[in-house]
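Here are some notes to read alongside the model. Please keep the structure open as you go through the points.

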Amino acid sequence: MLDFPPLEGKRMKIGWDLAVGAAILIGALALRWVDPLPLQQLRNLTFDSYQRLKPRQYDPSIPVVIAAIDEKSLDKFGQWPWSRTTLARITDRLTEMGAAAIAYDVLFAEPDRTSPTAVAGNLPADPQYDAARAQLAALPDPDADFAAALARSPSVLAFAYSDDAALSADPSIAFPYGFSIIGTVEETYVAGKVQGAAYAILPLPALMQAAHGMGEVHAGDPDADGIVRRVPLAVAVGGKLYPTLAGDVLRVGIGGQTAQVKLTPDGFIDRMRIGEAIVPVNDRGELLLYDTGLVAARYISLGDLFDADFDAARIAGRLVLVGTTVEGLKDIRATPLAPVMPGVEIHAQILEQILGGVYLTRPYNADDIERLYLAIFGVVLLVFLYRRSALAGAAVLVGALVVTIGASWWQFADKGNLFDPIYPGLAAVVMFGSGTVINYLRVEQEKRNVRTAMARYLSPVLADQVSQHPELLKLGGELRELTLMFSDIRGFTRISESLDPQALTQLMNSFLTPMTKVIQDREGFIDKYIGDCIMAFWNAPIDVPSHAQKAILAAFDMRAELKRVNAMLKEKAEKEGRAEVEIRIGIGLNSGICCVGNMGSEQRLEYSVLGDTVNIASRLEALSPAYGVDLVIGEETASGATDFALLELDRVRVKGKALPIRIYTGLGDQAVAATAEFQRLHDAQSRLLAHYRAKEWDQAEAVLAECRALAPALLNGLYELYEKRIAHYRIDPPPADWDGVYEARTKAG
């Protein structure tokens, strides 16, 4: 009977499951609050992917152009750095063409190395060079030429913040323009929250005084993965705020005097205003780069600038950024869409975003919104996963992920807002995965309990198959072809009367335990123990191929195992100084269609089998003493093992059956059947039965003697039976219509 033990004491409780899920949710929220670098990188990669899917479109109508110091211009003007006189000509040319502002993304911190003064300084201190030095001194100074050109142009120069005092100077010396701070917080406090350093590398004083603007040249510090995603519009030098190159170019281009910085009450930058443009920078004064990737249309070559056919309309009214694009000049950055991009193009993109009003923003409360969403999402998922079902939890998970990613994409594509969908999604997946693992462990625990209970009835292999594939265990009754076994201890009443209850119990355990294992090892199902009788069957509750053969092999194994049990009992009896108890068994096997399934009442069920096949198997076991053998095999079972060493015993008509059946016993498997000894015995046994059924008593007796000479000792009882029958029929012959069938008139034969 499949009467499994209760599982409540062994399963993992729902409350514990919920605690694990809640702990994961709390841990995920705590990790999001700390926001370590790996989470930031994960967000960055997500937002980079958004930009790849929908990059900012380059708009040629926005008045920004890059005048490139490229290979073509190097071929025309020579090796960089060029003479400041050349730069003066370029500046004047751009001004003549109507440039709204001209910004140099180049540091001019040292005098022109090609100036006459520099050349004169390199001449030997020899009087013969005095004339040359005098002639050089009379020549124009290139730095002065460049300064004059800057003064008559809407020019902007670059400076760079630095921690090296030896290379630096105070930018306020010649920086008449700056930021107008809107807020009550000290500027030094605000400056401590933005990029910067204590010092600055400045252009030559004459150049600074001539230029109309000056901006810090950094095109944004790269993130840990080397990609520039944020570009500052304000930097700090010596505790004061100064504009970056893009911001000051815009100020000069629109003719403004100052740019405004609005602060939050706690001293962070809220937004910036340059002219009419209100720029949504973050609290460190940085603008998020909305990348277009490399765009060739942004560029003109300075090498084309003096060509007669150059189109001045490409310069007129535009903010012109002069910068290097040659990789060897070391101003190369990586952006979300371009692994290699000149720094000057990043400045150009920032100007395009401001002039076009196209921004990416990370709302100031985005972190709070994402944490709140994760908390709500996690709680809902916990409710569905731990209080309803894994399927409901999976549906909620998939639905929420779709909504999360969809909403994040909509905010990006429609409004330029950046909300992270990945971390809440990953946290939810981890929660769901943990719940799935816990449920799996719970199910596995229950399966182990089922296997433990099933192992009392099935072999470990079958028990494992049933636990892994419960659909094989059909509830209710079904018709199946089974092989039935009944095994009984002969003379059990006599044995039980000779032993006290404790000794009898030990004896039965010593017998039933190894016999049960033998049956289960051959994939048999233990139906029940009826006193000293074992009832088992094959091919249910799951299919057992070649079940007849496996049942016969189990009987052979039981025969061998019984010898070991009796030897153990004998040894134990000798040690205890009592009479030896020898166990002898009879086994009956029969195959056929049976009804098998869960049977019984509403209060108690038993997985068992019913049918005529069962009754015949019991009758065959009862016939074993009469034939002097320990194994009687029915005709249907024998037909499933025709290659085994089986011997026909007789044709019998058992109680309750009108038609006779052939019965067999077994001596071994295919290996035994292939021996010459068995072949001779099988031939002699067949001739014995043929003469016997033909009432040829003399011939039968002659063959009987031959069989005795060939047969093992376990068949001695069989041949004694036939000797008695032949002697009986000589005195009292059977009727003329006798068909050689033995009538088993009682259950016992």
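**A strand covered on both faces**

1. Start with strand β7, residues 213–216, which is covered on both faces. Gly-213 and Gly-215 are buried on one side. Met-214 and Glu-216 are buried on the other. Keep in mind that this is a predicted model.

2. The split into two sides follows a general pattern. In a regular strand, side chains alternate between the two faces of the sheet.

3. Which strand pairs with β7? Strand β3, residues 155–162, does so. The pairing runs in the parallel sense, over 4 bridges. Look for Leu-157, which stands opposite Met-214 of β7.

4. Now turn to the surface. Leu-372, Ile-376 and Val-380 make a nonpolar patch there of about 260 Å². Val-380 belongs to helix α12, residues 366–387.

5. Is Val-380 buried or partly exposed? Its relative accessible area is 35%. Buried would require under 20%, and exposed over 50%. Val-380 therefore counts as partly exposed. Patch residues need over 30% relative accessible area, so Val-380, at 35%, passes that cut-off.

6. Step back to the whole protein chain. It has 749 residues, and 50% of them count as buried. Its secondary structure comes to 24 helices and 27 strands.

7. Contacts reach far along the sequence. Take those between residues at least 6 apart in the protein chain: 76% join residues at least 24 apart.

8. Last, the exposed area of the protein chain. The total is about 34400 Å². Carbon and sulfur atoms supply 57% of that area.

How values were computed:
Residues are numbered from 1 along each chain as its sequence is written. This is a predicted model: local features need pLDDT of at least 70, side-chain atom pairs count only at pLDDT 80 or more; totals for chains, interfaces and linings use all residues. Side-chain values use heavy atoms; hydrogens and water are left out. Helices (H or I, at least four residues) and strands (E, at least two) are DSSP runs, numbered from the N terminus. Buried means under 20% relative accessible area, exposed over 50%, partly exposed in between (1.4 Å probe, protein chains only). Contact means heavy atoms within 4.5 Å. Accessible areas come from the Shrake-Rupley method with a 1.4 Å probe; for residues, only the protein chains shown count as cover. Two strands pair if DSSP finds at least two bridges between them. Patches are made of residues with over 30% relative accessible area and no salt bridge: like charges are joined within 9 Å, nonpolar side chains (Val, Leu, Ile, Met, Phe, Trp, Tyr) within 5 Å. A salt bridge is a side-chain nitrogen of Lys or Arg within 4 Å of a carboxyl oxygen of Asp or Glu.
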